[in-house]
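Here is the note you asked for, written for someone meeting this structure for the first time. Have the model open while you read.

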Amino acid sequence: MRTLAALLAGLGLAALLVVALPPLRRLFAPDPGVTVEAALEAIRREEKLVVFSARLVVEASATYAATAAGLEIPGTAARRTLIVPGSVSYALDLAKLGPRDLGWDAEAEELTVRRPPLLVLPPAPDLARAKSYGEAGLLAPLTSADRVLDELTRQSVATRLAEEAENPELLALAQAAADSALARAFELPLRAAGFSRARVRVTP
């Protein structure tokens, strides 16, 4: 999985090669179709591109009590709360980008790119920096409460981070970052090929 900086570095090298060969540029009129096709192939090879990441803090709680015959055993109830920092990231599956997703307006020198669906990557909780609070029952040390609570709270943290990743504001920021990344990825080789007025418009 690559970052935007790595993708632009690769495309920048290709752009420098075009700029460094002015005799060939004068000999052959620039062909936007060829330029866009070459850029598309280079972009598709990157597969998944991380376009946006956010740092969050979530709170997750879990309760547990040992039971016997379906009844809670007195003194075994325990509760744990974790406050955990973590990160959520969003990516584009560039392998799904194809020629049908591109449209070139020769008169306006504008390329339209249909953005592939935004992917929400699995959250990454930073459990090493978690803060834990809880209440243990009198008999909790004699039961599996501690182990069960640890597992339950970790699962709850992952669920809470995944829920926060679907926040409309975060999704809007990620989509804007994705559009900007795609526009820059295609704009760089177009301008290097001689289309100084080239613009790239990204649509959902």
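The points below go from the overall picture to the sheet, the core, one helix and a few single residues.

1. **Ground rules.** This is a predicted model, where local features need pLDDT of at least 70 and side-chain atom pairs count only at pLDDT 80 or more, while totals for chains, interfaces and linings use all residues. Residues are numbered from 1 along each chain as its sequence is written, and side-chain values use heavy atoms, with hydrogens and water left out.

2. **Overall picture.** The protein chain has five helices and 11 strands; these are DSSP runs numbered from the N terminus, with helices being H or I of at least four residues and strands being E of at least two. Of its 204 residues, 37% count as buried. Here buried means under 20% relative accessible area, exposed means over 50%, and partly exposed lies in between (1.4 Å probe, protein chains only). Take the contacts between residues at least 6 apart in sequence: 83% of them join residues at least 24 apart. A contact means heavy atoms within 4.5 Å.

3. **A three-stranded sheet.** One open sheet runs in the order β6-β7-β11, with mixed pairing; two strands pair if DSSP finds at least two bridges between them. β6 (102-105) and β11 (199-203) are at the edges with a single partner strand each, so one side of each has no neighbour in the sheet. From one strand to the next, the twist averages 20°. For angles, axes are lines fitted to C-alpha atoms (for helices, over the stretch in contact), and values run from 0 to 180 degrees between N-to-C directions.

4. **How the strands pair.** β6 and β7 run antiparallel and are joined by four bridges, with Trp104 opposite Leu111 in β7. On the other pairing, β7 (residues 110-114) and β11 run parallel, joined by five bridges. Leu111 turns up here too, opposite Val200 in β11. Helix α5 (residues 168-192) packs on this sheet and touches β6, β7 and β11, its direction making about 150° with that of β11.

5. **The core.** Which residues have the most contacts inside the largest nonpolar core? They are Val51, Tyr90, Leu111, Val113, Leu182, Phe186 and Val200, in a core of 38 residues. A nonpolar core is a set of buried Ala, Val, Leu, Ile, Met, Phe, Trp, Tyr and Cys residues joined through side-chain atoms within 4.5 Å. At least two core residues come from each of α3 (32-44), β2 (48-64), β5 (78-93), β7, α4 (145-165), α5 and β11. The largest share, nine residues, belongs to α5. In soluble globular proteins, nonpolar side chains tend to be buried together.

6. **Tyr90 up close.** Setting aside neighbours within four places in sequence, Tyr90 has contacts that include Val51, Phe52, Leu118, Val120, Leu170 and Ala174.

7. **Helix α5.** At 1.5 Å a residue, its 25 residues should span 36 Å, and the end C-alpha atoms are indeed 36 Å apart, which agrees; the expected span is 1.5 Å times one less than the number of residues. Among the buried residues of α5 are Leu170, Ala174, Leu182, Phe186 and Leu190. At the helix start, a side-chain oxygen of Asn167 comes to within 2.8 Å of the backbone nitrogen of Glu169. After the helix comes Gly194, with a positive phi near 115°.

8. **Two loop residues to look at.** Glu109 is found in the loop between β6 and β7, a hairpin with four residues between its strands. Glu109 has a positive phi of about 50° although it is not a glycine, and at 15% relative accessibility it counts as buried. Glu47, in the loop between α3 and β2, also has a positive phi, near 60°.

9. **Buried or partly exposed?** Ile43, in helix α3, is buried, with a relative accessible area of 0%. Its C-alpha is 8.0 Å from that of Ala95, although the two residues are 52 apart in sequence. Pro125, in strand β9 (residues 124-125), is partly exposed at 32% relative accessible area. Pro125 and Gly86 are 39 residues apart in sequence, with their C-alpha atoms 4.0 Å apart. Not counting residues up to four places away in sequence, Pro125 touches Val84, Pro85, Gly86, Val157 and Leu161.

Methods:
A polar contact is a pair of N or O atoms within 3.5 Å; within protein, one must be able to donate a hydrogen and the other to accept it, and residues adjacent in sequence count only if both atoms are side-chain atoms.
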